[in-house]
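Dear colleague,

I am passing on the structure that we discussed, with the sequence alongside, and would be glad if you could look through it before reading my notes below.

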Amino acid sequence: MSNSPAQFMLKSFLWIAVSALVFIAAWNVVRGNHMWDFKSYYGASRSVVKGDNPYLIRNIQSPEISTDLPFVYSPAALPFFLPYALVPFDMAVKLWGVTLLVCTLLLLWMWIKNFVGRSHRLWFALLCALGFNGTLYAALKTGNAAIPINLLIWLGFLLFIRGNFAGFALAIVGASVFKLTPVVFLGLLFLPSVLARAQKVRMAGIGSVGLLIVALLSFAVTPWKWLLSYGMALKGLSEGSAADRGSINPSAGALIRDVLMRFDLEGSVTDAVGLLVYGMILVVAATILWRTLQRIVRSSMGGREKRLWSVVVSCLAYAVIMPRFKNYSYVFLLVPAYIVLAHAGFLSSRKLLLVLIALSTAPHSWVPGVQTGLAFLWDYYPWFLACGLGLLAVAEINRIEAPRGRKPGESKGLVQW
């Protein structure tokens, strides 16, 4: 059936808009504009080449690199950045930009081929271009390694859904070389419907051995003083994150700090109340996640579909729970957001909700009448979206637990709209 003229005009407009956004992002990345995170990667790598400690900010800075951002990835991640340290910074930043664009294309290709489908790629492109306050553009603009890390994580998720659990474990371990938090997703191997007990032990062994090898290599090639400085850098990151609030860090921890500041609470009182509130969010989110995973395991969905939904709800819970989740980190939720809306058969306005997710500007900056004392909450728009999508995912899982017109164990596939 051919599209109506109105549909054709809408699709044409969307393609033009998305293409323009992609061109702007690619132009900025290739020219090396911004890229402040890469400056710390490059400075740390040059320090290693010179034999200096890469975790001291004075060793990262140089006449060509003006940055106050420390290098906070593990020593095992340094070899990934060393090739860029072999060329001048002007060339290195362009090469890093090309690397990010290639990783982005691979990530989008993997997502569209395995999770979205070609017939829905336009709406997904809109979500990727603008979704979660422009998260993908933020990752490219800052030069952060979030996109290569997501490529490894989502490769692992794809292997998990397809039943290649050893590959999943190794991919997650690979992503954990940069930052340790993705290792929590190895817990998916322990769902009752995934593996037999003996296989769980074997897969846990593969993941543990992989992490142990990474740790041993880090200790073997890294001077002890560097490791101590790495620990101090992580501590400084934790303390410095108190200043990362609002649209650059729309996370649970930052939201709690922002709200408490409105009550002029200070010192130990703020810390105690903030910890209590965060603990409540953690308990509620973890309880909902656990009960939802149990419901998925007991459902009549097929094996692949069970693993898909387990990944989706785990990703959403991860984003809600993490005390620090930067604006570029929401790249992680682009596919879960689309899957929730694509499968939510009880919704009659799914594409409207998708457009709401794709809002790239906090509403308080352009909607009349919302410039109030609570306007700062709009800076946490992505976090509230993650919470809402998590609840939609729970509702959809409850709806399809006993689906009509489908035999038990029969999967309806990865892509539905």
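The protein chain exposes about 20100 Å², of which carbon and sulfur atoms supply 67%. Please keep in mind throughout that this is a predicted model, and that every value here is computed from it. Of the chain's 417 residues, 48% count as buried, and the secondary structure consists of 16 helices and zero strands. Among contacts between residues at least 6 apart in sequence, 73% join residues that are at least 24 apart.

On the surface, Val98, Val102 and Leu106 form a nonpolar patch whose accessible area comes to about 230 Å² together. Leucine 106 lies in helix α5, which covers residues 89–116, and with a relative accessibility of 42% leucine 106 counts as partly exposed. As for the spacing of such residues, an α-helix has 3.6 residues a turn, so residues three or four places apart point the same way. Threonine 99 is also found in helix α5, but threonine 99 counts as buried because its relative accessibility is 18%, and the cut-off for buried is under 20%. The C-alpha atom of threonine 99 is separated by 9.7 Å from that of isoleucine 147, although the two residues are 48 apart along the chain.

Helix α6 spans residues 121–142 and includes phenylalanine 132, a residue with a positive phi of about 50° although it is not a glycine. Asparagine 133 is likewise placed in helix α6, and this residue too is not a glycine but has a positive phi, of about 60°. As to their surroundings, phenylalanine 132 is buried, with a relative accessible area of 0%, whereas asparagine 133 is partly exposed, at 23%. You may wish to look at the backbone of these two residues in the model.

Isoleucine 147, mentioned above for its separation from threonine 99, falls within the range of helix α7, residues 146–162. At 1.5 Å a residue, the 17 residues of α7 should span 24 Å, and the end C-alpha atoms are indeed 24 Å apart, so the expected and modelled values agree. Because 13 of those 17 residues are buried, α7 is largely enclosed by the rest of the structure. The helix is followed by glycine 163, whose phi is positive, near 95°.

Helix α8 (residues 165–176) can be described in a similar way: its twelve residues should span 16 Å at 1.5 Å a residue, and the distance between its end C-alpha atoms is 16 Å, which agrees. Nine of the twelve residues are buried, so α8 is also largely enclosed by the rest of the structure; the buried residues include Phe165, Phe168, Ile172 and Val173. At the start of α8, asparagine 164 places a side-chain oxygen within 3.0 Å of the backbone nitrogen of glycine 167, and glycine 167 is itself one of the buried residues of the helix. Serine 176, which lies in α8, is buried with a relative accessible area of 7%, and its side chain reaches the backbone nitrogen of valine 183 at 3.3 Å.

Two loop residues also deserve a mention. Asparagine 249 lies in the loop between α10 (224–240) and α11 (252–262) and is buried, with a relative accessible area of 0%. A polar atom of the asparagine 249 side chain lies 3.0 Å from the backbone nitrogen of phenylalanine 325. Methionine 322 is found in another loop, the one between α13 (303–321) and α14 (334–343), and at 16% relative accessibility methionine 322 counts as buried. Leaving aside residues up to four places away in sequence, methionine 322 touches Thr181, Ser251, Ala252, Gly253 and Tyr278. For one of these, serine 251, the C-alpha atom is separated by 6.8 Å from that of methionine 322, with their positions 71 residues apart along the chain.

I would welcome your comments on any of these points.

With best wishes

Definitions and conventions: Residues are numbered from 1 along each chain as its sequence is written. This is a predicted model: local features need pLDDT of at least 70, side-chain atom pairs count only at pLDDT 80 or more; totals for chains, interfaces and linings use all residues. Side-chain values use heavy atoms; hydrogens and water are left out. Helices (H or I, at least four residues) and strands (E, at least two) are DSSP runs, numbered from the N terminus. Buried means under 20% relative accessible area, exposed over 50%, partly exposed in between (1.4 Å probe, protein chains only). Contact means heavy atoms within 4.5 Å. Patches are made of residues with over 30% relative accessible area and no salt bridge: like charges are joined within 9 Å, nonpolar side chains (Val, Leu, Ile, Met, Phe, Trp, Tyr) within 5 Å. Accessible areas come from the Shrake-Rupley method with a 1.4 Å probe; for residues, only the protein chains shown count as cover. A salt bridge is a side-chain nitrogen of Lys or Arg within 4 Å of a carboxyl oxygen of Asp or Glu. The expected span of a helix is 1.5 Å times one less than its number of residues. A polar contact is a pair of N or O atoms within 3.5 Å; within protein, one must be able to donate a hydrogen and the other to accept it, and residues adjacent in sequence count only if both atoms are side-chain atoms.
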